[in-house]
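Biologist: I'm new to this one and would like a close look at a single part of it. Please take me through the charged side chains and whatever sits around them.

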Amino acid sequence: MALKLGNTENIVKILDTQASSYEQMGNFEEAFSVASKLISSHKTSPVGYLRMGKLLRLKKDLVEAEKVYKIGLAKAKNNKKDPLYEVLKKQLITVQNAIE
């Protein structure tokens, strides 16, 4: 089954997969760039915030990760039925516990 580029959900998946691939290759600069594009183009989707938060956690920047997760929860508040919204909440709690 081919992906239709006009489908927002597919675009989100493609960008997240691209960011993940860069992350796995150790190219964090590109991973951050794609995650930023994902957030700016799909502000209400939890996916970009989850990806950016993960990248920040890998860099050991927990304070920035916490900020990203908080912003993501605020922006994605209309997507509370999305299972990734709950993941976003859990990641925020995990980061907050690690900061304490």
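Modeller: Let's start with Lys67, which is partly exposed because its relative accessible area is 43%; buried means under 20%, exposed over 50%, and partly exposed anything in between, with a 1.4 Å probe and protein chains only. Before going on, keep in mind that this is a predicted model, where local features need pLDDT of at least 70 and side-chain atom pairs need 80 or more, while totals for chains, interfaces and linings use all residues. Numbering runs from 1 along each chain as its sequence is written, and side-chain values use heavy atoms, leaving out hydrogens and water.

Back to Lys67: this lysine has a salt bridge to Glu64, with the closest N and O atoms 3.0 Å apart. By salt bridge I mean a side-chain nitrogen of Lys or Arg within 4 Å of a carboxyl oxygen of Asp or Glu. Side chains of opposite charge can pair when their charged atoms come close. Lys67 and Glu64 lie three residues apart in helix H4, about one turn of the helix. Helices here are DSSP runs (H or I, at least four residues), numbered from the N terminus, and strands would be E runs of at least two. Glu64 counts as partly exposed too, because its relative accessibility is 31%.

Searching the whole structure turns up seven salt bridges. Another of them pairs Glu9 with Lys13, whose closest N and O atoms are 3.4 Å apart. These partners are four residues apart in helix H1 (residues 8-24), so about one helical turn separates them. Glu9 has 52% relative accessibility, so that side is exposed; Lys13 has 47%, so the lysine is partly exposed.

Now for a bridge with more chain in the middle: Arg51 and Asp16 meet at 2.7 Å, N to O. That pair links distant parts of the chain, with Arg51 in helix H3, Asp16 in helix H1 and their positions 35 residues apart. Arg51 is buried, because its relative accessible area is 11%. The story goes on from there, since Asp16, Glu23, Arg51 and Lys54 are linked in a network of salt bridges.

Arg51 also leads us to helix H2, where Ile39 is found. Ile39 and Arg51 are 12 residues apart along the chain, and their C-alpha atoms are 9.3 Å apart. With 17% relative accessibility, Ile39 counts as buried. Setting aside residues up to four places away in sequence, Ile39 touches Gly48, Tyr49 and Met52, where contact means heavy atoms within 4.5 Å.

Helix H2 holds Lys37 as well, a partly exposed residue because its relative accessible area is 48%. Its C-alpha lies 9.8 Å from that of Ala19, which is 18 residues away along the chain. Measure up from Lys37 to Tyr22 instead, and you get 14 Å, C-alpha to C-alpha, for 15 residues in sequence. Tyr22 has its place in helix H1. Not counting residues up to four places away, Tyr22 touches Asn27, Glu30, Ala31 and Val34.

Next, some lysines on the outside. Lys43, Lys75, Lys77 and Lys80 gather in a patch of positive charge on the surface. Patches take residues with over 30% relative accessible area and no salt bridge, joining like charges within 9 Å, or nonpolar side chains (Val, Leu, Ile, Met, Phe, Trp, Tyr) within 5 Å. For these, Lys and Arg count as positive and Asp and Glu as negative, with His and chain ends left out; the charge is placed at NZ of Lys, CZ of Arg, CG of Asp or CD of Glu. Accessible areas come from the Shrake-Rupley method with a 1.4 Å probe, and for residues the protein chains shown are what counts as cover.

Lys80, one of that patch, sits in the loop between helix H4 (62-75) and helix H5 (83-99). Lys80 is exposed because its relative accessibility is 51%. For another loop, look at Ser45, found between helix H2 (28-41) and helix H3 (46-58). Ser45 is buried, because its relative accessible area is 14%. Apart from neighbours within four places in sequence, Ser45 is in contact with Val12 and Asn79.

One last lysine is Lys60, in the loop between H3 and H4. Lys60 is exposed, because its relative accessibility reaches 71%. Its phi is near 65°, a positive value in a residue other than glycine.
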